[in-house]
Amino acid sequence: MDFFSFGNIIVYIDKFIKFINSIFFLVLIIGLSFALIISPIDYLQGDAVRIMYVHVPSAWIGLSIFSIIAIGTLFNFVFKIKNLYLFVKSLAPIGLLFTCLAIVTGSLWGKPTWGTWWAWDARLTSMLILMLFYVFFIITFKIFKDSEKLPQILSAISILGAINIPIIKYSVEWWSTLHQPASIKIIGTSSIHSSMLVPLFLMLLVLLLYCALIFLMKYKTEIIKIKKKNIKRL
Amino acid sequence: MLTKKIKTRLFFLSSVIFITLLFLAFIYFSLKENILYFKTPSEISIVDEIQNNSKIRVGGMVKKDSIQQNNKEIKFILTDYKKELIVVYNGAVPNLFSEERGAVVEGKLNDKSYLIADRILAKHDENYMPPEMKKIFENAK
C-alpha cells in the first residue's frame with residue numbers, strides 16, 4: 001500500500017497536472033476553432049447555436065459531478081473513508097462553477113431565441129435548485145469544519161440533491177416546459193446534425209480536462225493541508 | 001464484512017431516503033398543476049369557467065397562414081392540431097416566432113377561443129442543423 005503514501009500520491013498528481021497542461025491548450029484551440037469557425041450556423045438560430053457548445057457540456061458536467069458527490073458522500077457516511085471526504089470537498093466548487101455556467105449561457109441563449117432571459121419552467125427551476133444545493137454543500141463545509149455532524153448533514157443534502165437530478169433530466173419529458181427536450185439520447189439517434197456534434201464533443205473534452213486540472217490542484221492542496229496536521233496515512 | 005455500526009448507518013440512511021421520497025411525493029401531488037409551464041388550447045377549451053383577471057400561459061403551434069399584421073397589432077391562431085385559439089398581441093415578437101413553429105403566449109382569456117396576450121415567447125424544438133440540410137429536408141417532402 002505504498003502507493004497511497006503522501007509523497008507518492010503528490011508525485012502522481014503532479015505528473016497528471018503536467019500531462020494535462022501539455023495537451024490542454026492544443027485541445028482548447030482545436031475545440032474553439034471547431035465551435036466558433038468551422039461548424040455551420042443553425043438554420044433557425046443562426047450564430048446563437050454556438051452558445052450550445054458551452055451550455056450543453058457544462059450542464060452535463062454539473063449534473064454528473066453532483067451525482068458523483070452524492071455517491072461519495074453516502075459512502076463516506078457509511079464507511080467513514082477519509083479520502084472520499086477530500087475527494088468530495090475538491091469536486092464541489094467545480095460542480096458549482098459549471099452549473100452556474102450552464103445557467104448563464106442558457107440565459108444568454110434564451111434572450112435571442114425565446115425572447116426572455118428566464119422562465120420559471122420545470123427545467124430551469126430545477127437547475128436553479130441544483131445550484132442552491134451546491135451552495136448549501138459548500139457552505140456546510142465552511143460552517144461545520146471539524147464537527148462530528150458534518151457527514152450527516154452532507155449526506156442529507158446529497159440525498160435531497162440526488163433526487164433532484166432525475167427531475168432535471170426528465171423534466172422536459174414529464175411536463176410542458178419552455179426548454180426543448182433532449183437532443184442527444186443515450187439510445188437512438190440524436191436530433192443534432194453531425195457537423196454540430198463534433199464541436200459539441202470537442203468542447204466537452206476541453207471542459208472535462210479543465211475539470212480534471214482544477215480538481216487535481218484542489219485535491220493536492222487538501223492533501224498537503226492534512227499532511228501539515230501530521231497524519232501519516234490517508 | 002459489514003459491522004454492526006455500518007449496518008445501523010445503512011438503516012438510518014435508507015429510512016431518511018424513504019421519508020424524503022414520501023415528502024416529495026406529497027409536494028408533487030399538491031403542486032401538480034403549477035409545474036406545467038403552459039396549457040394547450042385543448043385544455044383551455046374544457047375549462048369550466050374563465051377567470052377574467054388571472055393570467056395564463058398557453059402553448060402550441062402557430063397555424064399556417066394565420067398571422068395577420070396591421071400596424072403594431074398582430075393576430076394569429078395557436079393550435080395543438082385539435083383545438084384552436086385566436087391570439088391578439090401588441091408589440092414586438094421574438095426572432096424565432098413564425099408560422100408552423102411553437103410559441104408560448106401569456107395573457108388573459110377573453111373567452112374560450114380568444115386570448116389577449118401581453119407576452120409572446122418562441123419555443124425552440126430539439127432539432128439543430130445547418131441551413132443546407134433544411135433545404136434537403138424540405139425538398140424530400
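This report describes a predicted model of chains A and B, covering the fold, the interface, the salt bridges and some individual residues.

## Chain A and chain B

Chain A is helical: six helices are assigned and zero strands. Read from the N terminus, its elements follow the order α-α-α-α-α-α. The C-alpha trace of chain A spans about 60 × 40 × 30 Å along its principal axes. Of its 234 residues, 50% count as buried. Among contacts in chain A with a separation of 6 or more, 77% are between residues 24 or more positions apart.

For chain B, the domain assignment gives domain 1 (1–35) and domain 2 (41–122). The centres of these two domains of chain B, taken over C-alpha atoms, are separated by 42 Å.

## The interface

Contacts between the chains involve 36 residues of chain B and 41 residues of chain A. Together the chains bury about 3500 Å², and 68% of that area is on carbon and sulfur atoms. The rule finds zero salt bridges across the interface of chain B and chain A, while twelve residue pairs are in polar contact, both residues being at pLDDT 80 or more.

On the side of chain B that touches chain A, the elements giving two or more residues are α1 (4–35), β6 (114–122) and α3 (131–140). The largest share comes from α1(B), with twelve residues. By residue class, this side of chain B divides into 25 nonpolar, four polar and seven charged residues.

A:T116 is one of the residues of chain A that touch chain B: its contacts beyond four places in sequence are A:G110, A:K111, A:L178, B:R119 and B:L121. A:T116 sits in the loop between α3 and α4 of chain A. Its side chain makes a polar contact with the side chain of B:R119 at 3.5 Å. Is A:T116 buried or exposed? Its relative accessibility is 7%, so A:T116 counts as buried.

## Salt bridges

Over all chains, the structure holds eight salt bridges. The table gives three of them, within chain B.

| Residue pair | Closest N to O separation |
|---|---|
| B:D118 and B:K55 | 3.6 Å |
| B:R57 and B:E106 | 3.1 Å |
| B:E106 and B:R119 | 3.7 Å |

The pair of B:D118 and B:K55 links strand β6 of chain B to the loop between α2 (41–45) and β1, 63 residues apart. B:D118 is partly exposed, with a relative accessible area of 42%, and B:K55 is also partly exposed, at 48%.

B:E106 takes part in a salt bridge with B:R57 and in another with B:R119. The pair of B:R57 and B:E106 joins strand β1 to strand β5 (residues 102–111) of chain B, 49 residues apart. The pair of B:E106 and B:R119 joins strand β5 to strand β6 of chain B, 13 residues apart. B:E106 counts as buried because its relative accessibility, 13%, is under 20%. B:R57 is partly exposed at 26%, and B:R119 is partly exposed at 29%. B:R119 thus has a salt bridge to B:E106 and a polar contact with A:T116.

In chain A, salt bridges link A:K89, A:K218 and A:E222 in a network.

## A buried serine

A:S126 lies in helix α4 (residues 122–143) of chain A. With a relative accessible area of 4%, A:S126 is buried. Which backbone oxygen does the side chain of A:S126 reach at 2.8 Å? The oxygen is that of A:A122. The backbone oxygen of A:R123 lies 3.0 Å from a polar atom of the A:S126 side chain. Leaving out residues up to four places away in sequence, A:S126 touches A:N164, A:I167, A:I168 and A:S171.

## Positive phi angles

Most residues other than glycine have a negative phi. A:K80 has a positive phi, near 55 degrees. This lysine is found in the loop between α2 (52–79) and α3 (82–113) of chain A, and A:K80 is partly exposed, with a relative accessible area of 44%.

B:D65 also has a positive phi, of about 60 degrees, and is not a glycine. B:D65 lies in the loop between β1 (56–62) and β2 (68–70) of chain B. Its relative accessible area is 65%, so B:D65 counts as exposed.

Conventions. Residues numbered from 1 in each chain as written. Chains lettered and ligands numbered in written order. Predicted model: local features only at pLDDT ≥ 70, side-chain atom pairs only at ≥ 80, totals over all residues. Heavy atoms only, no water. Contact = heavy atoms within 4.5 Å. Buried area = accessible area lost by both parts, 1.4 Å probe. Salt bridge = Lys/Arg side-chain N within 4 Å of Asp/Glu carboxyl O. Polar contact = N/O pair within 3.5 Å; in protein donor to acceptor, adjacent residues only side chain to side chain. Helix = DSSP H or I, 4+ residues; strand = E, 2+ residues; numbered from the N terminus. Nonpolar A, V, L, I, M, F, W, Y, C, P; charged D, E, K, R; others polar. Buried < 20%, exposed > 50% of the residue type's maximum accessible area, 1.4 Å probe, protein only. Domains from an automatic or database assignment.
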